[in-house]
Amino acid sequence: MAKRFTDTSLYDKAWFQELPNQYKLFWEYITKKCDNAGFWNINFGMFSYIFNGLKLEEEDILKMFNGKIVKVDDKFFIPKFIEFQNGEILRESNNAHKQIIKLLEKNGLLDDLGAWKGLARGLAGASKPPKYSIVYNSIRNNKEIKEKKINKRKENFEKQVYYEDDMLDGKY
């Protein structure tokens, strides 16, 4: 059973208050039933069964949520879900993040740098910067970061040794 963080201020947000009740129900449902990366296999039959015959149309949902839910192949995707549940940076060393990264790759939403591809250009237009992006520290990036830290420590150590040598000579 997956456990999720809940936005306690959701009902205070204007965009949510303006939704008709059936779409509020849909938002609550999809944010609880999606996978760890924010993908929900479209299944209006199950939604209708759970909510006593309530029927929603795909086009109406996409229009009503205006980018908060987007369609990727045969799934709905909540772009801000990962950041809300896991923070901005995904790390391959974190087992929970590994699954999310695999899901994003499986659905074709990661480029080589770890940014979401396709969505930003489709939603915001090709000339604008990405509307949704997330990076993760790949093994390659981790090595580069570690090397930079090591080099910085070496530089600081050399400065410290030089400073201590000067102190030993009585020069302040």
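Helices (H or I, at least four residues) and strands (E, at least two) are DSSP runs here, numbered from the N terminus. The model is predicted, so to speak from the record: local features need pLDDT of at least 70, side-chain atom pairs count only at pLDDT 80 or more, and totals for chains, interfaces and linings use all residues. Residues are numbered from 1 along each chain as its sequence is written, and side-chain values use heavy atoms, with hydrogens and water left out.**Exercise 1. Get your bearings: how many helices and strands does the chain have, and how do the elements run?**

Step 1: Count the elements, and you get 8 helices and 5 strands.
Step 2: Walk from the N terminus, and the elements read α-α-β-α-α-β-β-α-β-α-α-β-α.
Step 3: For burial, take under 20% relative accessible area as buried, over 50% as exposed and the rest as partly exposed (1.4 Å probe, protein chains only). On that scale, 31% of the 172 residues count as buried.
Step 4: Contact means heavy atoms within 4.5 Å. Among contacts between residues at least 6 apart in sequence, 56% join residues at least 24 apart.

**Exercise 2. Describe how helix 2 packs on helix 4.**

Step 1: Two packed helices are described by the angle between their axes and the distance between the axes.
Step 2: Axes are lines fitted to C-alpha atoms, for helices over the stretch in contact, with angles from 0 to 180 degrees between N-to-C directions.
Step 3: Helix 2 (residues 21-33) and helix 4 (residues 58-65) have axes that come within 11 Å and cross at roughly 90 degrees. That crossing makes helix 2 roughly perpendicular to helix 4 (under 35 degrees is roughly parallel, over 145 roughly antiparallel, 65 to 115 roughly perpendicular, the rest oblique).
Step 4: Now the side chains' owners: helix 2 brings Tyr23, Phe26 and Trp27, and helix 4 answers with Asp60, Ile61, Met64 and Phe65.
Step 5: Sort them by class, and the contact has 6 nonpolar, no polar and 1 charged residues. Nonpolar covers Ala, Val, Leu, Ile, Met, Phe, Trp, Tyr, Cys and Pro; charged covers Asp, Glu, Lys and Arg; the others, Gly among them, are polar.

**Exercise 3. Work out the three-stranded open sheet, and place helix 2 against its strands.**

Step 1: Two strands pair if DSSP finds at least two bridges between them.
Step 2: The 3 strands line up in the order 1-3-2, with antiparallel pairing.
Step 3: Strand 1 (39-41) and strand 2 (70-72) are the edges; each has a single partner strand, so one side of each has no neighbour in the sheet.
Step 4: On average, neighbouring strands are turned by 35 degrees against each other, direction ignored.
Step 5: Zoom in on strand 1 and strand 3 (residues 75-77): they pair over 3 bridges, and Trp40 has Phe76 as its bridge partner in strand 3.
Step 6: Helix 2 lies across strand 1 and strand 3, at about 105 degrees to strand 1.

**Exercise 4. Is Asn107 buried or exposed, and what does Asn107 touch?**

Step 1: Find Asn107 in the loop between helix 6 (95-106) and helix 7 (119-124).
Step 2: Asn107 is buried, at 11% relative accessibility.
Step 3: Leaving out residues up to four places away in sequence, Asn107 touches Phe39, Val72 and Lys75.
Step 4: A polar contact is a pair of N or O atoms within 3.5 Å; within protein, one must be able to donate a hydrogen and the other to accept it, and residues adjacent in sequence count only if both atoms are side-chain atoms. The side chains of Asn107 and Lys75 make one at 3.2 Å, and the Asn107 side chain also reaches the backbone oxygen of Leu103 at 2.8 Å.
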